[in-house]
Every structure is written in structure tokens, then in C-alpha cells.
Amino acid sequence: MSSSLALPARGGRMAALVVGLCWLVVLFDGLDMFIYGSVLPHMMETKALGIDPGKAGDVGSYATFGMLIGALSSGTVSDWVGRKKTIIVSTAVFSLASAVCASASSLGMFSFGRFLAGLGLGGLLPSAITMVTEYAPRGRRALIVGSLMTAHQAGGIVAGFVALWTGDWRVSFWICVIPLFIGVPLAIKFLPESMAFLQAKGRTADAQALADRYGVELAARDKERPAATERFSALTALFRGGQWVQTLLFWLASFGGLLLVYGVSQWLPSLMKANGYDLGSSIGFVIVINLGGIVGMLIGGRLTDKFGGSRISAIWFGATAIGIYSLSIKMALPLTYTVVFLTGMFLFSAQAMIYATVAHRSDDDNRATAVGWTSGMGRFGAVFGPWLGGQLLATGSTTAGFTAFAIAGVFAMVMVSLTGLRRVHSAEPQSTTQQQELTPTG
């Protein structure tokens, strides 16, 4: 987390507060997302709620379908009512949903809880990414987004330890209710609204009051937008002129990336167990792949700020495909852990850099919508990935599962590469607030 707070002195206090609080809620997001995959091997072993590989894949898809709805709606809602409210409501929803899962008496109720959790999980991440992007210093946006996303992988590590420590899926899900009593109150009390959002909505007085409170200078805007801006104009802006080509390419890349992220996150322990590793080692792989993810986020973010998101994300997806396919080969345990670590280093940050690039190429008025819809359309891959993993595992072929996920990595690599080749002039916003730097007033 310390890397996420490595901000310059100018406006550092306010930016550090925003990044720190968003880091915390994204940590809880990661915990809730990864906990299902972490407890799944034990649930299937004990046939809890009558679950089997096929049903487990369906349950995972219910959660990611909820994320799809949450992500698609959150961008527009966040550009309408604000980043802070969207973050708070999303965190409360997935926390309450964990209570539904923990107390479920049937697989249907458990599935509903995971769907409900998906709504909150899908809504939180785009809003948090947008928020930290708007407070990040110029030239370090991708690094800050990468630092924020280390929280997601840290949540995955916590999920692995929770599953190992409790040994009981119900207790694990009760632990996931904790954000309701920590993250939500802290965000309500301390998280400031985005000043870029306030200015884009014509709420200049509110933005100035916030700037005065934290001793920063309010950036000037090139143009004033009336408060009554058409609600869905931010979405239609993604398709104006030649922009639609880049928009669709990012959506397709996100589809492949999230198919990988959610498919591998849910099925890695089960695939490795089916490949001959014991249960403890299989859950340990969840911890190791997320440790790799943290390292990858920091390295990928720094390289993206220097060389560009499309280029780095494409290389990362290619390396992910190689790593995932390698896991289909039974190796000595230390070597397997090394490959899992390296795979995680590339897997999660490749997708995060897509978000960072989309946020950078968007302007203040539609940034949350652009990130939200890129995430949301990618959630179709997130729905498909867990279902696909369940179907392939049910056939008894672990090699087919690893191969399918490797192919998804190659697909994402090609799509994101094309976004680097096809650069539309309108994709590089010139608004002053996009280049906002917070400077102390005295």
C-alpha cells in the first residue's frame, strides 16, 4: 500500500487520502471476489449445498453476471450522482450479499447472494479507478491505478488465508461482511468527492469549498458544462467520429482479459487439485498468484506511464498466455509456484492497464462512463470464464481448461495491440482538468 501513497508534495495530503481509502475498499472487493474460488474446493469435496463442478461454474457466472450489470450501470450512475456515493453503495451491497451467502440454506439462495455481490463488486472498481485517476499527478496515472489494483490482489491473498484458517465456507463468508462496518463508515466520513466531477457538473462552489478545505488550488476548466447535461451523452461520446473503433477494441480486449481474470481466479485451485496437487497447495496457489499480481501492478503501472498502456498490456497478455499454458504441465512444486507467481504478475496487471489507458484517453465528463462500460462489456468474458472452466473441468480434462484460458490471453493481446495502432485524434482529450495537478494555496 505504501507505493500507492508515493505522491508528490503538491496536493499530496488530499490525493493520499483518496488513494488510501479507495485502496481499502478495493481490498475488500478483492477479498469478496476471491473468497468463492478459495473455498470452492472444500465445498465440492464436502458437497456443500449439493454443489458439483457444473453447478459451481453456474454459480460463478451468476456472480460475474451481477458484476456485468453493476459495471455497466455504475459508470453512468457515477457520472450522474458522483464517485463517492457509488463507491459507498457498491461496498455496502457486496458486504450484505456475503451475509446472504453465509446464511444460505440452499444453492439457489447462495447463488442469489453471489449475484447480489456481483452487483456491488462490478460497481465499485470502475468508480474507484476513476476517482484515483482524477486525483493522480500528471504522468503517474497508470502507476497510481496499478497501485490501487494491488489492493485487489491483496484481497485475494487475504481470501486464501481466510479459507485456510477457517476451513469452513460459511465462516469465510461471514468474515466478508466486515467491510460494512469498516469500509463504508470510513468512506462516508472521510472520502471527498471528485473535484473534476463537481466541476464537470457545474458545481464550482462545491469544488472550491473542497479545494479550500484541503488547501489545494482548483484547476481551471477549458469550458463550462451546464449542470443539466444530458444524462447519457457521456455514453454516446464513446462512438462519435472514429472513436467507435477504439471503443470496441477496448471492449473486446476487456472481454478476453476478464475471461482470464475471473476464470483463472475461480478455477485455479480446482484445476491444480485435479492436476495432482494436494488441497493445501492448491489454495496456496491463490495466495502466490495474487502476490505476483501485486508485483505486476507496480511494474506494469510504471512501464505504462513510460511506454504506453496498449503496448505494455499486449506484452503482458502474451506472457500470461504462455504462463497459463505452462501450468497444464505437471512440474516440481517449487517450479510450479514460480510459474504461478509469474503468471499472476502478468495476468492481473494486463487488465488493469486497459482501465488505466481508457481513463487516460477520456475526459472529465465521460471518464467514469468509459471505464465503467469497458469493464462492463468485459464482464461478458467474466460471465463466460467461470462457466467455461466448470464445463471443461467436468470433462476431466485439465489440459483443455488451461489451453482455453491461454487462447483467451492471445485474443486479448491482439485486441489491445490494435488499440495502439488505431489512434483517433479525439481519443486524446485536451481538457485542463484531465491534466489536473493539485497545488497548495499556501
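**Exercise 1. Decide whether Asp32 is buried or exposed, and then establish which residues surround Asp32.**

Asp32 has a relative accessible area of 0% in this predicted model, and because buried means under 20% relative accessible area, Asp32 is classed as buried. The next step is to place the residue in the secondary structure: Asp32 belongs to helix H1, which covers residues 12–46. Setting aside neighbours within four places in sequence, the residues in contact with Asp32 are Phe94, Ser98, Arg114, Ala117, Leu121 and Cys176. With Arg114, the side chain of Asp32 also makes a polar contact of 3.0 Å.

**Exercise 2. Starting from Leu121, find which residues Leu121 is in contact with beyond its neighbours within four places in sequence.**

Leu121 is part of helix H4, residues 107–135, and its relative accessible area of 3% makes it buried. Once the neighbours within four places in sequence are left aside, Leu121 is in contact with Asp29, Asp32, Met33, Met67 and Phe94. Asp32 in this list leads back to helix H1, and Phe94 is likewise among the contacts of Asp32. A C-alpha separation gives a further check: Leu121 and Gly30 stand 91 residues apart along the chain, while their C-alpha atoms are separated by 8.6 Å.

**Exercise 3. Work out where the buried residues of helix H7 fall when seen down the axis of H7.**

Helix H7 runs over residues 183–190, and its buried residues are Gly183, Val184 and Ala187. Viewed down the helix axis, these buried residues fall within an arc of 95 degrees, so they line one face of H7. The general background is that an α-helix has 3.6 residues a turn, so residues three or four places apart point the same way. Leu186, by contrast, also lies in H7 but is partly exposed, with a relative accessible area of 30%. Leu186 is one of the members of a nonpolar surface patch, together with Ile178, Phe181, Ile182 and Phe190, and the patch has about 450 Å² of accessible area in total.

**Exercise 4. Describe the chain as a whole: how many helices and strands are there, and what percentage of the residues is buried?**

The secondary structure comprises 16 helices and 0 strands. Of the 442 residues in the chain, 62% are buried. Turning to the contacts between residues at least 6 apart in sequence, 83% of them join residues at least 24 apart. As for the surface, the chain exposes about 15,700 Å², of which carbon and sulfur atoms supply 67%.

Technical notes
Residues numbered from 1 in each chain as written. Predicted model: local features only at pLDDT ≥ 70, side-chain atom pairs only at ≥ 80, totals over all residues. Heavy atoms only, no water. Buried < 20%, exposed > 50% of the residue type's maximum accessible area, 1.4 Å probe, protein only. Helix = DSSP H or I, 4+ residues; strand = E, 2+ residues; numbered from the N terminus. Arc of directions from axis to C-beta. Contact = heavy atoms within 4.5 Å. Polar contact = N/O pair within 3.5 Å; in protein donor to acceptor, adjacent residues only side chain to side chain. Patch = residues over 30% accessible without salt bridge, like charges linked within 9 Å, V, L, I, M, F, W, Y side chains within 5 Å. Areas by Shrake-Rupley, 256 points an atom, 1.4 Å probe, with all protein chains shown as cover. Salt bridge = Lys/Arg side-chain N within 4 Å of Asp/Glu carboxyl O.
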